[in-house]
Every structure is written in C-alpha cells, then in structure tokens.
Amino acid sequence: MRQTEDHSQRFWLAYGAASLAVAAMALGWGIFFASRQAWALVGIDIAVIAVALMSFLLAHRRQLSAALLFSQVSFFFIILVFCLVFDVPDTVAPRVTHIFLLVLALLGYINYQRERSRLQLAVIVLCLGSFIVFSSTNLTAPVTQPIADEFRTFGTWVNSIIAVTLLCGGIYVMQLKFARNLDQARDIKAALTNREFELFYQPQVDEAGKVSGAEALLRRKRPGGGYISPAEFIPAAEQAGLMPALGDWVLGEACRTLAFWQQEEPTRHLKLSVNVSVDQFMRADFVETLLARITARELDPTRLKLELTESMMVHDVDGIVEKMRSLRATGIILSLDDFGTGYSSLSHLRQLPIHEIKIDRSFVQDAPQSKRNRILLKSIFDIARMLEFSVVAEGIETKEQLMLLQSFGCTIFQGYYFGRPVPLAEFQSRWANEAPPLAETA
Ligand code: C2E
Ligand code: MG
Ligand code: MG
C-alpha cells in the first residue's frame, strides 16, 4: 500500500507545516495583544498555540486522524468563545472569526475522505451549523469583552484574508487529489481493456500434505516485463472506485479456471479462494451476478471460496450478514481473511456466517519468537474448533512455523514455504499433478 503511504506522508508534511504556520500566526497576534496589554486575547492566542503544537505532535507520531479531529474540536470551541465574547459585531466592523468555521469544515471533509467516521461527519455538521448561526445573527454571550474598534477595523481585513487563503489552499489540495484520482482511474480502466491484469495462484496444502486448492492473487503486467504487486495498484483502484470492476474481472477469471479444473481428473478436487473487496461485495447485484456465472459454467459452488475481510464490518452489518447467508445457502465457502488484524475480530466470529478463518501472516510469522503470540494463536485455534470453523494459516515461510501450526491442529497451510503465487500454467505444471509438497519439504 505504498501509494497510500506516500500520500499520507505528503499529507502529514502539509498538515505539519500548516499547524506550525497557525502557531506562528497566533504567536504574532499574542505579541501584538501583549504589547497592548489585552491579556484575555493573549490567553486565546496561547490556547491556539497549544492546540497547534499538540496537533503537530500527534501528526508527527503519524496519528493523523487523531490530530485532525483534535484540532478541529479544539479550534471549534476557541472560535465559539472568540465569536461570542470578543468578536462582537458593531457599526464599525462586522464579525469575521466565524469564517474559520468553514476552514474547519473543509479540513474535516478532507479527513473524512481519508478515513470515514461518524464523529468526523458530526464535527463537519457542527461547524457548518454554527457558521450559519453566526452569519445570520448577532448572537453574543451574556458577558462580553469586545475587542477595541481600533483593532477590529484592520483585524477584520486580516482575518478575512487569512481565512479565504486557507479555504483556497484546501480547495487546491482537493483539486490535486481529484486530478490524481482521475488519472489513476483512467490508467486502471485502460489496463483492464488492454488485458494487463493476470491472476496468479498460490497453493494451499492440507494436513496430509496434498495441494487442496489455491488462492487467486491479482497481478498487473509491467509494460517492460515483470509484474506489479496488488499493494501498488489496489489502493489506487479503491480510491478511484474501480474495485467492483476489477473484482468482477477477477471472479470471471476465477470461474473460468474452476471450470477448467473441473474437467480434468487431477485438478477436480481443487478449491479456489478469491479475494473480494468491500465495494465489490456491497454491490446490489453481487450475489446474482456470481450465481449466474456459476450456473453458466456449471460449476460446483463448493469449490469456490470467497475471502472477505473484517473491514467490511463498518458498513451495514445486517445487510452483509444476509448477503453472506444467501451465498452460504448455495454451497459457496466463506472465509474471513487477515483474521486478527481488525478491531473486534471475536465479535465478528459471533455475527458472521462464515466457514473458515484465515489467520493473518503477522501472527504466523511472529509465533516462534513470541510466547504471547503463540498463546494467542493457540486460543484462536481452540475457539475455531469449538465454533466448527476451519482455519487456514497464511504466510508460512519456515519449517518451524509449520510445525508449530501443526501442533495447534491447523489443517490448511499457505505460504512461501510451499510455494509463491505463480501464473496458472506454472501452478498446474508444478502442483496440480504433483507429489505432496508437505511430505517433500517438511
Ligand atoms: P491476502 O489476501 O492476505 O493475500 C496474501 C498475501 O500474502 C499475498 O500477497 C501473498 O503473495 C502473500 N504471501 C503468501 N505467502 C506468504 C509468505 O509466506 N510470506 C510473505 N511475506 N507473504 C506471503 P499479494 O499477492 O501481494 O496480495 C496482497 C493483498 O492484495 C492480498 O492479501 C489481498 O488483500 C489483495 N489482493 C490480491 N489479489 C486481490 C484480488 O483479486 N481482489 C482483491 N479484492 N484483493 C486482492
Ligand atoms: Mg486473501
Ligand atoms: Mg490475508
């Protein structure tokens, strides 16, 4: 997900610079008001500097969403107090501080695009609502301490110019992002048309050491040769809203492969796991389209596994569970991918009608070194056994990891230890007809 990281890096740099600029601006005003002995205003400026520095520190620790929310909520209250107590409109100058509420709302919208949350939405609505109230009324606090008119006459101009400049900056950032998304969307659409995508297949091995199936993993062909990893193009496709189209192509290809496997004796038993993205799964016609494909190719649905992730659970949970039930009723196997990396993995086990969990490779890879990880892993296997889920361990790279997982009762294994993802022809020639790799390598 390098692209997302790059983007976050740039965003954090811009945000960090903006926080320091706000702190510097407040310092300037603070010195000015201190020279005029307006101590209450100096107090407000100190609060602004504290919030700006605190959010700079949060952003510096890569807690960007926390930094953005913290600064929005704190500045919202500072602006509220400033408008009600100090920036009291009169015949000399109108109130202007409330224009900064629009800047906060825009900042909130940019953050909401990065990471959707109800809290962020609520802060945006609060800022816009308060802006409307301050623009339409002369509302003040019961006790006011209006800024002297000599400051207000030029302060109104300065604050309006700063607020409008910040608004323009925010709109420019959004415009850049929009243009980049458009480029990426065009590029991915062109890649689909030019057949630049290909499915790779990574073997999954059962407890007897036989290849029992494969996971289909998407790759994009590089123009000069070689392949691009999905970590590079999937975030872009997600941002451009193209995962449903890309995922649809993947499912089409996967069904074609399954139909092919079904015709040959040595491959008839193989199951194929396909990753499904949230956007793709949420499509109203997802189940219908998939079932139509299965019927058209006369596939055995019990050979198809759909790998879903816990990130889905931020959406309409009842709708998702209902969709999963209807898929399950057809015989399709449902697997919960990257298990253990979500926020409330155990509660998802309670709710979701799945057959299988796929333990994330971070657990598998740390297990031999970390006692705590081993205890966690063993508990996951115990719970899965009691709930009658099968468990796939992915990311197995060493014999030590394999033996540990076997001792926990793991029955399906996947990882570089057995084989890397390879093109279909190579998968078939290397594994579909071959002797058991577990017996060979273990
Ligand atoms: P995933 O579904 O968890 O797939 C497993 C990833 O782990 C694959 O990376 C695989 O190559 C890698 N892996 C397997 N064994 C090992 C190992 O022993 N060591 C290490 N270090 N890595 C191992 P890949 O192919 O780069 O895919 C990354 C992710 O991209 C996938 O994670 C999946 O979330 C996504 N993805 C790939 N293809 C598709 C697709 O067709 N549709 C959707 N929606 N997502 C896909
Ligand atoms: Mg997967
Ligand atoms: Mg996974």
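These legends walk through close-up views of a predicted model, one site at a time.

**View 1. Here we look at the magnesium ion called ligand 2 and the residues that hold it.**
Four side chains reach this ion: Glu215 (OE), Asn275 (OD1), Glu307 (OE) and Asp337 (OD), at 2.0 to 2.2 Å. If you follow the chain, these donors come with the spacing E-x59-N-x31-E-x29-D. Take Asn275 and Asp337: Asn275 sits in strand E4 (residues 271–275) and Asp337 in strand E6, 62 residues apart, and the pair links distant parts of the chain. Asn275 is partly exposed, with a relative accessible area of 27%.

**View 2. Next comes the magnesium ion called ligand 3, with its own protein donors.**
Asp337 (OD), Asp338 (OD) and Glu394 (OE) supply the donors here, lying 2.0 to 2.4 Å from the ion. Written as a sequence pattern, their spacing is D-D-x55-E. Asp337 belongs to strand E6 (residues 333–339), while Glu394 is found in the loop between strand E8 (390–393) and helix H15 (399–407), so this pair ties together parts that are 57 residues apart in sequence. How buried or exposed is Glu394? Glu394 counts as buried, and its relative accessible area is 10%.

**View 3. Now put both magnesium ions in the frame and find the residue that bridges them.**
Ligand 2 and ligand 3 lie 4.0 Å apart. Which residue coordinates both? That would be Asp337. Asp337 is buried, with a relative accessible area of 6%.

**View 4. This view zooms in on the polar contacts of ligand 1.**
Start with Arg219, which has a polar side-chain atom 2.8 Å from an oxygen atom of ligand 1. Arg361 also has a polar side-chain atom 2.8 Å from an oxygen atom of this ligand. For Asp338, a polar side-chain atom lies 3.1 Å from an oxygen atom of ligand 1. On its own, ligand 1 has 800 Å² of accessible area, and the protein covers 86% of that.

**View 5. Here is the whole shell of residues around ligand 1.**
There are 24 residues surrounding ligand 1, and the closest are Asn275, Asp337, Arg361, Glu397 and Tyr416. Two of those names should ring a bell: Asn275 and Asp337 also coordinate the magnesium ion called ligand 2. Sorted by class, the shell has ten nonpolar, six polar and eight charged residues. Which elements give two or more residues to the shell? They are strand E2 (211–221), helix H7 (230–239), helix H8 (243–263), E6 and helix H13 (361–366). The largest share, four residues, comes from E2.

**View 6. The last stop is a look at the cysteines, in a structure with zero disulfides.**
Cys168 is in no disulfide, and the nearest cysteine sulfur, that of Cys127, is 18 Å away. How far apart would two cysteine sulfur atoms have to be to count as a disulfide? They would have to be within 2.5 Å. Cys168 is partly exposed, with a relative accessible area of 47%. Cys410, on the other hand, is buried, with a relative accessible area of 4%.

Terms used
Residues numbered from 1 in each chain as written. Chains lettered and ligands numbered in written order. Predicted model: local features only at pLDDT ≥ 70, side-chain atom pairs only at ≥ 80, totals over all residues. Heavy atoms only, no water. Donors = N, O, S within 2.8 Å, 3.2 Å for Na, K, Ca; no water. Buried < 20%, exposed > 50% of the residue type's maximum accessible area, 1.4 Å probe, protein only. Near = heavy atom within 4 Å. Polar contact = N/O pair within 3.5 Å; in protein donor to acceptor, adjacent residues only side chain to side chain. Areas by Shrake-Rupley, 256 points an atom, 1.4 Å probe, with all protein chains shown as cover. Nonpolar A, V, L, I, M, F, W, Y, C, P; charged D, E, K, R; others polar.
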